[in-house]
Amino acid sequence: MVAARQESLRTQVAGEENMMTQTKREPFNAGDFSSRKLMELVSGDRDGNRLTLDQEALDAVVSELASRRHYLRELRDRGLLAPRAS
């Protein structure tokens, strides 16, 4: 009886862990953020904590800021945006 209950608990815990690892995250949408927040993500500094973006998210942030025409100089200075043609 005790062994059956322990096995039942193991199965339940394993099922819950499996569900937790399979939960889908919302896709990153740079358009949902303010320009200032996007620049914080690019700079990687927020209240002393280091934030990391994967390349796809970084590209989306740079593209969104460029389309809004915000922080262009800062993006160029960081090498994330091509220099302007003279």
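Start with the whole chain and colour it by burial: of its 86 residues, 17% count as buried. Keep in mind that you're looking at a predicted model. Leave everything selected and switch on the surface, which has an accessible area of about 7400 Å². Carbon and sulfur atoms account for 49% of that area.

Now flip to a cartoon view. You should find four helices and two strands, and walking along the sequence gives you the order α-α-β-β-α-α. As for how the chain meets itself, take the contacts between residues at least 6 apart in sequence: 50% of them join residues at least 24 apart.

Next, select Phe28 and Phe33 and show their side chains. Searching the whole structure turns up one aromatic pair, and Phe28 and Phe33 are its two members. Their rings are stacked, with 5.6 Å from centre to centre and 25° between the planes. Is Phe28 buried, exposed or partly exposed? Phe28 is partly exposed, at a relative accessible area of 36%, and Phe33 is partly exposed too, at 32%.

Last stop: the loop between α3 (55-68) and α4 (72-77), where you can select Arg69. Tyr71 sits in the loop between α3 and α4 as well. What should you look for here? Check the backbone. Most residues other than glycine have a negative phi. Arg69, though not a glycine, has a positive phi of about 60°. The phi of Tyr71 is also positive, near 60°.

Before you leave, bring the surface back over this loop. Arg69 counts as exposed, with 62% relative accessibility, while Tyr71 is partly exposed at 30%.

Definitions and conventions: Residues are numbered from 1 along each chain as its sequence is written. This is a predicted model: local features need pLDDT of at least 70, side-chain atom pairs count only at pLDDT 80 or more; totals for chains, interfaces and linings use all residues. Side-chain values use heavy atoms; hydrogens and water are left out. Buried means under 20% relative accessible area, exposed over 50%, partly exposed in between (1.4 Å probe, protein chains only). Contact means heavy atoms within 4.5 Å. Accessible areas come from the Shrake-Rupley method with a 1.4 Å probe; for residues, only the protein chains shown count as cover. Rings of Phe, Tyr and Trp (its six-membered ring) pair if their centres lie within 6.5 Å; planes under 30 degrees apart count as stacked, over 60 as edge-to-face and the rest as tilted.
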